[in-house]
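User: Hey, I've just opened this one and don't know my way around yet. Can you walk me through it?

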Amino acid sequence: MNDVRRRYLETQIQQASPQQLWLMLLAGAVGFTRRTTAHWQAGEAEEAAGTLLRAKEIAAELYQNVQREGWTGAADMERLYRYIYAEFTALHLDELRARQGDWKVDPAFRSRRVEALIRLLETEVETWSQVCDQHPEILTADAQRRQDFQREITWDGELDERKET
């Protein structure tokens with residue numbers, strides 16, 4: 001990744017609300033999963049293993065960061081992201097075993113599993129896009145908290161005591 005793009009992405013991440021970060025993670029998982037499929041189709045097993053691992057890592061991050069308390073959909077969301085993570089883990093393990101010669105991967109079955117994951121992740125991207133679009137007050141409140149926090153940083157970079165909001 002070139003330096004300008006990396007800095008732009010870092011700025012986007014630093015300025016994003018939690019909802020926007022969640023959306024970015026989901027979009028990243030879709031992108032890496034699609035790249036994995038393209039690598040498999042091109043016969044690039046090594047590259048496919050790398051992008052599949054990245055998608056699996058994002059799925060782990062999503063699962064670990066589900067807010068599990070305080071709202072009625074927590075258990076369903078936790079199950080959904082546990083399933084996504086488990087599927088990526090199974091695909092990754094199958095690929096590792098196949099590369100070691102211990103396992104024969106059925107490309108058609110693998111393709112169906114991956115396409116199902118992509119559809120699921122794309123549904124989540126659409127859902128979180130709607131959350132971000134339809135509830136800008138959430139994003140505004142997050143931005144205000146971020147601005148309040150930045151005001152608490154003194155001119156020499158020392159952090160003043162942070163107020164809880």
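Analyst: Sure. This is a predicted model, and the protein has six helices and zero strands.

User: What pattern does the protein follow along the sequence?

Analyst: Reading along the chain, you get α-α-α-α-α-α.

User: How many of the residues count as buried?

Analyst: Of the 165 residues, 31% are buried. The protein exposes about 11000 Å², with carbon and sulfur atoms supplying 52% of that area.

User: And which contacts are long-range ones?

Analyst: Taking contacts with a separation of 6 or more, 61% join residues 24 or more positions apart. For one pair separated along the chain, look at Leu53 and His92: they are 39 residues apart, and their C-alpha atoms are separated by 6.7 Å.

User: Where is Leu53 found?

Analyst: Leu53 belongs to helix α3. Its relative accessibility is 31%, so Leu53 counts as partly exposed.

User: Switching topic: what's the mean pLDDT of the protein?

Analyst: The mean is 81, and 81% of the residues reach 70 or more.

User: Which helix has the lowest mean pLDDT, and which the highest?

Analyst: Helix α6 (residues 136–151) has the lowest mean, 50, while helix α3 (residues 45–64) has the highest, 94.

User: Where does pLDDT stay under 50?

Analyst: One such stretch is residues 139–144, which have eight contacts beyond four places in sequence in the model. Over residues 146–165 the pLDDT is below 50 too, and that stretch has 17 contacts beyond near neighbours in sequence.

User: How should I treat stretches like that?

Analyst: Where pLDDT is low, don't read the predicted coordinates in detail.

Terms used
Residues numbered from 1 in each chain as written. Predicted model: local features only at pLDDT ≥ 70, side-chain atom pairs only at ≥ 80, totals over all residues. Heavy atoms only, no water. Helix = DSSP H or I, 4+ residues; strand = E, 2+ residues; numbered from the N terminus. Buried < 20%, exposed > 50% of the residue type's maximum accessible area, 1.4 Å probe, protein only. Contact = heavy atoms within 4.5 Å. Areas by Shrake-Rupley, 256 points an atom, 1.4 Å probe, with all protein chains shown as cover. pLDDT = per-residue confidence, 0-100.
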